[in-house]
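Subject: Structure handover, with notes

Hi,

Here is the structure I promised to pass on. Have a look at it first, and then read my notes below.

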There are 2 protein chains.
Amino acid sequence: MKRVFNFSAGPAVLPEEVLKEAANEMLNYKGIGMSVMEMSHRSKEFEEILESAKSDLSDLLKISSDYEIVFIQGGASSVFSMVPLNFSENKISDYILTGQWAQKAYDEATRYTKANIIASSKDENYSYIPDCTNLTVTKNADYVYICENNTIYGTKFKTLPDTKGKPLIADLSSCILSEPMDVEKYAMFFAGAQKNIGPAGVTLAVINKELLKRTPLAETPTMMRFSTHVKANSLYNTPPTYGIYLCGKVFKWLKKEGGLSVMKEKNERKASLLYDYLDESTLFKGTVKREDRSLMNAPFITGTKELDEKFIQEAKEAGLVNLKGHRSVGGMRASIYNAMPLEGVETLVEFMKKFERENR
Amino acid sequence: MKRVFNFSAGPAVLPEEVLKEAANEMLNYKGIGMSVMEMSHRSKEFEEILESAKSDLSDLLKISSDYEIVFIQGGASSVFSMVPLNFSENKISDYILTGQWAQKAYDEATRYTKANIIASSKDENYSYIPDCTNLTVTKNADYVYICENNTIYGTKFKTLPDTKGKPLIADLSSCILSEPMDVEKYAMFFAGAQKNIGPAGVTLAVINKELLKRTPLAETPTMMRFSTHVKANSLYNTPPTYGIYLCGKVFKWLKKEGGLSVMKEKNERKASLLYDYLDESTLFKGTVKREDRSLMNAPFITGTKELDEKFIQEAKEAGLVNLKGHRSVGGMRASIYNAMPLEGVETLVEFMKKFERENR
């Protein structure tokens, strides 16, 4: 049976090769007579899976030994609480509002700290990234927080904000591994796996050891202390073993594909194909300020709800699925993560052209 | 390649049938052209998966509409914090100590409440269940907490404690679904999936609606509020979709097997086979007081470390794996969850008999 082109914002398309390997190993992993799912997280085999995942990720992102890598649970939404709980010294924090997820992180910070909004693009429904070249960073702020790529709105920070020396903490859920990054610029970053890393249920956090020296607030639950997971090498309690195994497979696939420079080229080619067409189309229109466009999530509209719906329906029938935009933006959204092949975007653009001809 | 008999305490053996189905559906779930892993958690298909899982679980455990069912993340260890954070009114709680997991739950409660230990079997390394027929329950205690089956020590409450009218909250991680239960006796119960429900990374919680009326402590993170997950029907953020899908398959398998009365019979037959042999053996010896023996986890010893190690090694070579006991008890432990076939226990007992003859 044919697979579709799946433009879901997350959980999202995974490399077919990874899924095939997982299916083949489902009942018997490397001849040990059991599934990875059935394996003790304290077993030699699982330790190898975990260590390979960590070392392949370090290779891909060039993570130095100044950072700790942990795989945790609860999604980015849990990290929204963990950031203020773990990294508050003065209980003052600065947030840049670029969408719903940054807002939720900010809301959670207000529970524990005096959280400030030091820049925002709420005035234009988050369709751009605010100028962050000369921010008024709060004097004793414990950190500056951003959501680097905004899945819902399709924006991305192309330049990181000047935090005036404060630690930068970033949610990279929808852009991690899409291109090379300079890890040293971040005190901490994290990502839910279900977009560019693996299946839902795993959250990746990479934290500078200096930041980890901060004392969590007294009320921080044990499982929400980063130190709990760092000290136990992500094995304090049973981790989402099968999810980590799949993330590891995705890391190996990325290395085989040529690493993040190659992924960046491929992703830019895919995104250009779509954005160039959006710029020349007389029917479809991108919703984001050009220079802030995401490489991963491209929202677009026709201008009328009826045509949007017609497009989504006909695209689905043509095997191009999950193109419905988020309700906050409307219209359509094509999420074109690493695992979306060029062919998928080519097929989409061809389909859009045909739709444009038929509905002009 | 042959599958082994896997006696792991968790993550643990899963029904082969479930794994086969999952492998077959890995690249294309029911002809929709994508894996369950790639599916939006807001899709019609995933909603069906979630609703079937909930309704099959309700059928199996006979859960009435007085209870809410949620699938969350973070393992039982996260629930250890969530219980005092969500269900404290007087900030007084009563715990019964029957092992390491109850201890961890208690420790977490001391962070937020005046937690009392009202019974304990620590004096004899948790090898029995304390008498709970006439407990001194604290006057204003918000709840009484137990770990009903103690994976490490191999004990189980055969009668629930008399809580003198206080709500009973129980960790059922290693005994849930092993036999029918009277849900109405609990204000709340929960379980990490990785023993008798599905893969690691999913936690099941079943909570009485009366208990849910309590106001969480102000410091409770959004993701640690049960109300967050109840209100959103486990879809507040992206849940561990693939894990829930597999749990759902296990529920269907249990129904097909005949439900929990049949499982109880099967589990009793498996456990009797092993315990009867332990009682007659002159080499192997169970470590638990007979009347408190778990149906799921059976620890046993030979009496010498050398023989224990030899047994574990030779058993492994014979395809009987993960029999090493927890370091707190030593020796061996056979975890014989629902998915362990009778044949596995028969093979184990035959192997033990042979080992006894050879090493008497």
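Let me start with one residue in chain B. B:Ile244 sits in helix α6 of chain B, residues 241-257 (helices are DSSP runs of H or I with at least four residues, strands are runs of E with at least two, and both are numbered from the N terminus). With a relative accessibility of 0%, B:Ile244 counts as buried (buried is under 20% relative accessible area, exposed is over 50%, and partly exposed is in between, with a 1.4 Å probe and protein chains only). Setting aside neighbours within four places in sequence, B:Ile244 is in contact with B:Phe46, B:Leu50, B:Phe71, B:Val202 and B:Pro239 (contact means heavy atoms within 4.5 Å). One of these partners, B:Val202, is 42 residues away from B:Ile244 in sequence, while the C-alpha atoms of the two are 6.8 Å apart.

Before going on, some ground rules. This is a predicted model, in which local features need pLDDT of at least 70 and side-chain atom pairs count only at pLDDT 80 or more, whereas totals for chains, interfaces and linings use all residues. Residues are numbered from 1 along each chain as its sequence is written, chains are lettered from A and ligands numbered from 1 in the order in which they are written, and side-chain values use heavy atoms, with hydrogens and water left out.

Now for chain A as a whole. Chain A has 10 helices and 14 strands. Its radius of gyration is 21 Å, close to the 21 Å that the globule rule gives for 360 residues, so chain A is as compact as a globular protein of that length (the radius is taken over C-alpha atoms, and the rule is 2.2 Å times the number of residues to the power 0.38). The C-alpha trace of chain A spans about 60 × 60 × 30 Å along its principal axes. Of its 360 residues, 65% count as buried. If you take the contacts in chain A between residues at least 6 apart in sequence, 69% of them join residues at least 24 apart.

On the surface side, chain A has an accessible surface of about 13,600 Å², and carbon and sulfur atoms account for 48% of that (Shrake-Rupley method, 1.4 Å probe; for residues, only the protein chains shown count as cover). As for charge, chain A carries 47 positive and 47 negative side chains, and the centres of the two sets lie 2 Å apart. Here Lys and Arg count as positive and Asp and Glu as negative, with His and the chain ends not counted; each charge is placed at NZ of Lys, CZ of Arg, CG of Asp or CD of Glu.

How do the two chains relate? A turn of 180° and a shift of 0.0 Å along the axis lay chain A on chain B with an RMSD of 0.0 Å (least-squares superposition on the C-alpha atoms of residues with pLDDT of at least 70 in both copies). The two copies are thus related as by a two-fold rotation axis. The same surface serves both copies, as 100% of the contact residues of chain A recur in chain B. Within chain A, A:Ala23 is the residue that comes closest to the rotation axis, with its C-alpha at 2.3 Å.

For a residue that touches both chains, try B:Ser77, in helix α3 (residues 75-87) of chain B. B:Ser77 counts as buried at 7% relative accessibility. Leaving out residues up to four places away in sequence, B:Ser77 touches A:Met223, A:Tyr236, A:Asn237 and B:Trp101.

A few backbone details may interest you too:

- The peptide bond from A:Gly10 to A:Pro11 is cis, with omega near -10°; A:Pro11 is in the loop between β1 (5-6) and α1 (16-25) of chain A.
- In chain B, a cis peptide bond joins B:Gly10 and B:Pro11, with omega about -10°.
- A:Lys30 has a positive phi, near 45°, though it is not a glycine. A:Lys30 is in the loop between α1 and α2 (44-61) of chain A and counts as exposed, at 65% relative accessibility.
- A:Leu177 also has a positive phi, near 70°. This residue lies in the loop between β8 (168-171) and β9 (188-192) of chain A, and A:Leu177 is buried, with a relative accessible area of 0%.

Cheers
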